[in-house]
Amino acid sequence: MNAQELHIISTGKQPIEKFVEIASNIQDYVDYFYLREKQMSASQLYKAVTLLHEKKIPLSKIIINDRVDVAWAMKVFGVQLAFHSLDVRVVKQAFPEIRVGSSIHSFDEAEAAFHNGANYAIYGHIFETNSKRGLAPKGVEELQKITMNIKLPIIAIGGITPSNSQLVLNAGAQGIAVMSGVLEAENPIQSAKEYARSLGKEI
């Protein structure tokens with residue numbers, strides 16, 4: 001079985017130094033790290049990328065949420081856009097070489113992301129999760145509908161554990177995105193290894 005991708009997204013609640021420390025310890029098992037730090041200025045994000053890079057995390061493994069300017073200036077892998085961000089099409093027209101991910105929550109949004117030129121999308125939340133209390137999870141059926149009908153790589157997010165990750169892979173996801181499951185785990189290294197194994201990676 002080909003290994004699928006493991007994406008780790010910062011929680012926005014940890015000191016950035018803590019995130020960098022964990023990232024440096026688990027990077028052998030992780031494909032991409034996202035800086036999802038809504039409270040940070042462009043200057044602070046620049047420094048965060050610098051800290052990650054100083055810990056030997058390649059720029060090609062770093063994705064910045066929302067801030068296209070910082071992503072472009074730092075030459076990281078790409079930018080992740082949410083509903084409040086610039087439109088995918090606008091970003092692709094202005095920065096045709098930048099890789100753009102789109103955060104989506106429905107089939108229609110997946111279709112729009114594809115037609116607007118997104119390189120991939122993060123879809124969820126798949127299962128129940130404390131970060132989305134009161135909101136019904138999407139489940140794997142809609143995920144499978146998206147992956148079967150739209151030629152857009154999909155990364156699944158939301159309540160995914162090593163024990164249920166195979167369900168989203170069977171539904172066609174190219175990988176999974178995890179936040180607290182690794183970053184707030186008692187042993188982040190062990191947790192990252194368990195996720196990586198569940199995705200078919202050799203540890």
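These legends accompany close-up views of a predicted model.

**View A. The buried face of helix 1.** Helix 1 spans residues 16–26. Its buried residues are Ile-16, Phe-19, Val-20, Ile-22, Ala-23 and Ile-26. Seen down the helix axis, they fall within an arc of 165 degrees, so they line one face of helix 1. In an α-helix, residues three or four places apart point the same way, because there are 3.6 residues a turn. The buried residues of helix 1 pack against two strands, strand 1 (5–9) and strand 2 (32–35). They also pack against helix 2 (42–54), helix 8 (180–183) and helix 9 (188–198).

**View B. Phe-19 and Phe-33, an aromatic pair.** The whole structure holds three aromatic pairs. In this one, the rings of Phe-19 and Phe-33 meet edge-to-face. Their centres are 6.3 Å apart, with 80 degrees between the planes. Phe-19 belongs to helix 1 and Phe-33 to strand 2, so the pair ties together parts 14 residues apart in sequence. Both residues, Phe-19 and Phe-33, are buried.

**View C. Tyr-32 and Phe-77, a tilted aromatic pair.** The centre-to-centre distance is 4.6 Å, and the planes of Tyr-32 and Phe-77 make an angle of 45 degrees. Tyr-32 is in strand 2, while Phe-77 is in the loop between helix 3 (68–74) and strand 4 (78–81), so this pair ties together parts 45 residues apart in sequence. Tyr-32 and Phe-77 are both buried.

**View D. Lysines over aromatic rings.** The charged end of Lys-75 sits over the ring of Trp-72, 4.0 Å from the ring centre. Lys-145 lies over the face of Phe-107, at 4.6 Å from the centre of that ring.

**View E. Strand 7 and its parallel partners, strand 6 and strand 8.** Strand 7 covers residues 154–157. Ile-154 and Ala-156 point one way from the strand; Ile-155 and Ile-157 point the other way. All four of these residues are buried. Strand 6 (residues 120–124) pairs with strand 7 over four bridges, in the parallel sense. Strand 8 (residues 175–178) also pairs with strand 7 in the parallel sense, over three bridges. Ile-157 is the bridge partner of Gly-124, and Ala-177 in strand 8 is a bridge partner of Ile-157.

**View F. Right-handed β-α-β connections around strand 7.** Strand 6, helix 6 (residues 139–149) and strand 7 form a right-handed β-α-β unit. From strand 7, the chain crosses through helix 7 (residues 165–170) to strand 8. This β-α-β crossover is right-handed.

Terms used. Residues are numbered from 1 along each chain as its sequence is written. This is a predicted model: local features need pLDDT of at least 70, side-chain atom pairs count only at pLDDT 80 or more; totals for chains, interfaces and linings use all residues. Side-chain values use heavy atoms; hydrogens and water are left out. Buried means under 20% relative accessible area, exposed over 50%, partly exposed in between (1.4 Å probe, protein chains only). The arc is that of the directions from the helix axis to the C-beta atoms. Contact means heavy atoms within 4.5 Å. Rings of Phe, Tyr and Trp (its six-membered ring) pair if their centres lie within 6.5 Å; planes under 30 degrees apart count as stacked, over 60 as edge-to-face and the rest as tilted. A charge sits over a ring if NZ of Lys or CZ of Arg is within 6 Å of the ring centre and within 35 degrees of the ring normal. Two strands pair if DSSP finds at least two bridges between them. A crossover is right-handed if, with the strands pointing away from the viewer, the path from the first strand over the helix to the second runs clockwise.
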